Amino acid sequence: MDFKQIQELIKLINKSNIGEVTIEEKGFKITVKQKEEHIQQVMAAPYSGQAISPSYAPAISSSAAGGNAPVNGKTKAVEPVADNLITIKSPMIGTFYRSSGPDKSSFVNVGDETEPGKVVCIIEAMKLFNEIESEVKGKIVKVLVEDASPVEFDQPLFLVDPS
């Protein structure tokens, strides 16, 4: 496989949903990985002069956890929204839970007061349960996510009235 063929392979990967492709022949191996920012990583063994057969099976991978999620479990962003409400957002990708267990009461409900450091929910990411703490003082006005549902990085979770 020459350099031009590698470039064509990268262009093909960019246009598709494929996360990773590995092509291996005798004395030759190339892996192309697509990151979230659409940057490819190419690794190749010395060229052996053999043609590549199109019968390879692409492997699809997805990243489950954000590499830039805070370790301390605090929310990443608190942004003001309309009517002086503050949004508490998810600091990571995972599954949102309102309580520590199915038979336990919710950490916060609509109408409850919250303050910095108070746990408002749990987000499970890769079998780790991360307590998410509030960074604002105020009253919970709305819970924006259903219990046990997936959340994205920076997704709004709660609306808080700071007054």
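**Exercise 1: aromatic pairs**

Work out how many aromatic pairs the structure holds, and describe their geometry.

*Solution.* Start with the count: this predicted model holds two aromatic pairs. A pair of aromatic rings is described by the distance of the centres and the angle of the planes, and that is what we go through next.

Step 1. Take Phe96 and Phe158, with ring centres 5.9 Å apart and planes at 55 degrees. Planes under 30 degrees apart would count as stacked and over 60 as edge-to-face, so the label here is tilted.

Step 2. Place the two rings on the chain. Phe96 sits in strand E6 and Phe158 in strand E12, with their positions 62 residues apart, and the pair therefore links distant parts of the chain.

Step 3. Check the cover. Phe96 comes out at 0% relative accessibility, so it counts as buried.

Step 4. Turn to Tyr97 and Phe129: 6.4 Å centre to centre, 40 degrees between the planes, again tilted. This pair also links distant parts of the chain, Tyr97 being in strand E6 and Phe129 in strand E9, 32 residues apart.

Step 5. Check the cover here too. Tyr97 has a relative accessible area of 24%, which makes it partly exposed. Phe129, at 55%, counts as exposed.

**Exercise 2: the surroundings of Phe158**

Find out whether Phe158 is buried or exposed, and which residues it touches.

*Solution.* Step 1. Phe158 belongs to strand E12. Its relative accessible area is 0%, so it is buried.

Step 2. Leave out residues up to four places away in sequence and list what Phe158 touches: Ile86, Thr87, Ile88, Phe96, Val108, Val120, Cys121, Ile140, Lys142, Val143 and Leu144.

Step 3. For a long-range distance, go C-alpha to C-alpha: Phe158 and Val110 are 9.3 Å apart in space and 48 residues apart in sequence.

**Exercise 3: the nonpolar cores**

Identify which residues of the largest nonpolar core touch the most other members, and which strands supply it.

*Solution.* Step 1. The largest core has 18 residues, and the ones touching the most other members are Phe96, Cys121, Ile123, Leu157 and Phe158.

Step 2. Now sort by strand. E5 (86-89), E8 (119-125), E10 and E12 (156-161) each supply at least two residues of this core. E8 gives the most, with four residues.

Step 3. Zoom in on Leu157. Not counting residues up to four places away in sequence, its contacts include Ile88, Phe96, Cys121, Ile123, Val143, Leu144, Val145 and Val151. Lys89, Ser90 and Lys142 are also on the list.

Step 4. Don't stop at one core: a second, separate one has 10 residues, among them Ile6, Ile18, Val21 and Ile30.

**Exercise 4: a four-stranded sheet**

Put the four strands of the open sheet in order, and explain why each edge strand has one side without a neighbour.

*Solution.* Step 1. The order is E9-E8-E6-E11, and the pairing is antiparallel.

Step 2. E9 (128-133) and E11 (149-151) are at the edges; each has a single partner strand, so one side of each has no neighbour in the sheet.

Step 3. From one strand to the next, the twist averages 40 degrees.

Step 4. Look at one pairing in detail. E6 (residues 94-97) runs antiparallel to E11, and the two pair over three bridges. One register marker is Phe96, whose bridge partner in E11 is Ser149.

**Exercise 5: positive phi angles**

Say where Met126 and Ala148 lie in the chain, and what their phi angles are.

*Solution.* Step 1. Met126 isn't a glycine, yet its phi is positive, at about 55 degrees. Met126 lies in the loop between E8 and E9, and at 60% relative accessibility it counts as exposed.

Step 2. Ala148 likewise has a positive phi, near 65 degrees. Its place is the loop between E10 and E11, and a relative accessible area of 45% makes Ala148 partly exposed.

**Exercise 6: Val141**

Determine which residues Val141 is in contact with beyond its neighbours within four places in sequence.

*Solution.* Step 1. Val141 lies in strand E10 (residues 138-143) and, at 35% relative accessibility, counts as partly exposed.

Step 2. Those contacts are Leu85, Val110, Leu159, Val160 and Asp161.

Step 3. As for Asp112, its C-alpha is 8.3 Å from that of Val141, with 29 residues separating them along the chain.

Technical notes. Residues numbered from 1 in each chain as written. Predicted model: local features only at pLDDT ≥ 70, side-chain atom pairs only at ≥ 80, totals over all residues. Heavy atoms only, no water. Pairing = 2+ DSSP bridges. Axes fitted to C-alpha atoms, helices over the stretch in contact; angles between N-to-C directions. Buried < 20%, exposed > 50% of the residue type's maximum accessible area, 1.4 Å probe, protein only. Contact = heavy atoms within 4.5 Å. Core = buried A, V, L, I, M, F, W, Y, C linked by side-chain atoms within 4.5 Å. Phe/Tyr/Trp six-rings, centres within 6.5 Å; stacked < 30°, edge-to-face > 60°.
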